[in-house]
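Here's a short set of exercises to work through with the model open in your viewer. Try each task before you read its solution.

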Amino acid sequence: MIRGKVWKFPSDVNTDYIIPGKYKFKTLDMKELAKHAMEGIDSEFAGKVEKGDVIVAGKNFGMGSSREQAPLVLKYAGVSLIIAEDFARIFYRNAFNVGLPVLICPGISEKVDQGDVLEVDLEKGKIVNKTKGTEISASPIPQFLLEVVDAGGLAAYYKKHNRFPWEKK
Amino acid sequence: MLLLKLVRRMGKTISEKILSEASHSDAYAGDIVVADVSFAMAQDGTAPLTIRALEEMGIDRVWDKEKIALVFDHNAPSPNEGVSKLHAMMRNWGRKQGVILYDVGSGVCHQLLPEQGHVVPGSVVVGADSHTCTYGALGAFATGIGSTDMAAVFASGKLWFRVPETLLVSVNGKLPEGVYSKDIVLTVIGKVTASGANYMAVEYEGDTIRELSVEARMTLCNMAIEMGGKTGIIAPDSKTIEYIKEKLAENQYQVFSSDPDADYASMLEIDASDLIPVVACPHAVDNVKPVVEVEGTSVDQVYIGTCTNGRIEDLRIAAKVFKNNRVKALTIIVPASREIYLQALREGLIEIFVKAGAVVCNPGCGPCVGTHQGVPSPGYTVVSTANRNFRGRMGSDEAEIYLASPHTAALSAIRGEIRDPRSER
């Protein structure tokens, strides 16, 4: 179960907003890069986000570049989950691969406000808005991606099982 | 009902055919397949994380060193010590593994892979860079992935894919003078929007497309990602074969095309003769307007280059405009590869650029990603031939970036304001 406070963002949040190119090429130190998370769209986010917080966004979250630093800096900043109307496809894959779960939930933007507290059951795709006392259903996450997130990401999954989730046992 | 469904399932798009072939299965849109990859590439912004993921997985040998390339293009030469260290790490790892290294000065990954014969029509190519979709111009299924997915490919030569639905864009008719493939693709993105082709393959067909050179087709496929597309793709024809014939033997590639009864998620028809020069205005690629609507906007900086428009025919178009003129805006020109640079030198284009007062930088990504070779000042207006104009993209949150064809960009450079190519014939 994930429990966290909501940070709301609009549609079309691109990867240059999540982590500007001018920072990401210099280092693999994600703690350092996480200080600039979301700087392109909200310069206060990185300083105020707390461990466990949830991002709720409109359509096409993570559009743009293939940089895996984008989901990584959000994870290192403390974000536990991203729920969006839908995601850009490379970001969607990258998020699971670095161990950051994301949920597709059409209509979520209208049902959740900044600062609301959500409780989320990933396996069932069930979102409870504790602040408003409402319940929302998201599209379930494919089983093999849940397993990747449970392991802490694709590299950790491989280390544990000595195979990729799509390879036969 | 059942019979109808069976009949309907007979036709396949080119993307469904390539992914079926690569996954040894009968795949249709929506299916998840595990496909063989024919070539894999990572660049200096993504390769370091791939190498780190391989180390974490405990994998010390790649699946096939001849099918893997590392390209130094996004920050090359390195602008600071941090990047230099990551470049050194890539070189060390690459030499140890024996993979193909395209070091500083070789060019942009998306020009190098087709140019050097690594893109095999009819196969699946992946790159740890979102503009990998460019290679669909050769009839390959090419898509961008992240660093950890790339580590899985470097390790195993395979990856899972969801077979995409297809948006079919048909373009027919004669392009008016001053209108180029960049104007076609920007017009399409303006109509489809930045998320309108999410998860889809964007397939181009029609007699206008057949008239375009392979290079101009790369411009179209390069920007499929700007509508959310998984790939841009064009079935090979005689021009494609001409392009690849000295790089690949006939038995090395396969030519696929979509069946007439293939199932498309949506279709868009464009009459090329109606098209006009357009620009993507700040700060979104789908904020597309006719050039005439912004004509006269004062321009401080111009960038001609990138994986979208840094090829020889783009440089020829620009040189025609610059000949016997002087630039009024700071103008940076970057050939997309060393071969293009050499060709431009032989044709005298570089001399024209330098005499016009432009700055010519080494092959690579140039100032596109905001780290070096011309970060604009806050408040500056930039006309660029690149593919993204997001706020902050070129390194300043307060610069305004307009995306345009090489002709519009070059003309804007010598006039110091945005100009429609049709205004001066």
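**Exercise 1. Where in chain B is B:His283 found?**

Start with the ground rules. This is a predicted model, where local features need pLDDT of at least 70, side-chain atom pairs count only at pLDDT 80 or more, and totals for chains, interfaces and linings use all residues. Residues are numbered from 1 along each chain as its sequence is written, while chains are lettered from A and ligands numbered from 1 in the order in which they are written.

Now the location. B:His283 sits in the loop between strand S12 (278–280) and strand S13 (288–290) of chain B. Helices (H or I, at least four residues) and strands (E, at least two) are DSSP runs, numbered from the N terminus.

Next, check the backbone: the peptide bond from B:Pro282 to B:His283 is cis, with omega near -10°. Another cis bond joins B:Ala76 and B:Pro77, with omega about -5°. B:Pro77 is in the loop between strand S3 (68–71) and H4 of chain B.

**Exercise 2. Take the two positive phi values at A:Met38 and B:Tyr199, and work out how buried each residue is.**

Keep the baseline in mind: most residues other than glycine have a negative phi, and most peptide bonds are trans.

Step one is A:Met38, with phi of about 65°. This residue lies in the loop between helix H3 (30–34) and helix H4 (45–48) of chain A.

Step two is B:Tyr199, with phi near 70°. Look for B:Tyr199 in the loop between helix H7 (181–192) and strand S9 (201–205) of chain B.

Step three needs the burial rule: with C-beta atoms placed from the backbone, a residue is buried if 20 or more other C-beta atoms lie within 10 Å of its own, exposed if 12 or fewer, and partly exposed in between. A:Met38 has 24 other C-beta atoms within 10 Å, so A:Met38 is buried. B:Tyr199 has 19 C-beta neighbours inside 10 Å and therefore counts as partly exposed.

**Exercise 3. Trace the strands that pair with S2 of chain A, then follow A:Ile83 into the core.**

Begin with the faces of S2 (residues 54–57): A:Val54 and A:Val56 point one way, A:Ile55 and A:Ala57 the other way, and all are buried. In a regular strand the side chains alternate between the two faces of the sheet.

Then the partners, where strands pair if DSSP finds at least two bridges between them. Strand S1 (residues 2–9) of chain A runs parallel to S2(A), joined by four bridges, and A:Trp7 stands opposite A:Ile55. S2(A) is also parallel to strand S3 (residues 81–84) of chain A, again through four bridges; here A:Val56 faces A:Ile83.

Now list the contacts (C-beta atoms, placed from the backbone, within 7 Å). Leaving out residues up to four places away in sequence, A:Ile83 touches A:Val54, A:Val56, A:Leu103, A:Cys105, A:Ile108, A:Ile127 and A:Ala138.

Finally, zoom out. A nonpolar core is a set of buried Ala, Val, Leu, Ile, Met, Phe, Trp, Tyr and Cys residues joined through C-beta atoms within 7 Å. The largest one has 204 residues, and A:Val73 and A:Ile83 touch the most other members. Helix H13 (residues 312–322) of chain B gives the most to this core, with seven residues.

**Exercise 4. Which elements of chain B give two or more residues to the side that touches chain A?**

Count first: the contact takes 44 residues from chain B and 35 residues from chain A. On the chain B side, the elements are helix H3 (47–57), helix H4 (81–97) and helix H6 (147–156).

Then sort that side by type: 15 nonpolar, 20 polar and nine charged. Here Ala, Val, Leu, Ile, Met, Phe, Trp, Tyr, Cys and Pro count as nonpolar, Asp, Glu, Lys and Arg as charged, and the others, Gly among them, as polar.

**Exercise 5. How far apart are the C-alpha centres of domain 1 and domain 2 of chain B?**

Get the bounds: domain 1 (14–162), domain 2 (166–274) and domain 3 (279–423), from an automatic or database domain assignment. The centres of domains 1 and 2 lie 22 Å apart.

Across that boundary, 23 residues of domain 1 are in contact with 31 residues of domain 2. The domain 1 side divides into 11 nonpolar, 11 polar and one charged.

Note on methods. Contact = placed C-beta atoms within 7 Å.
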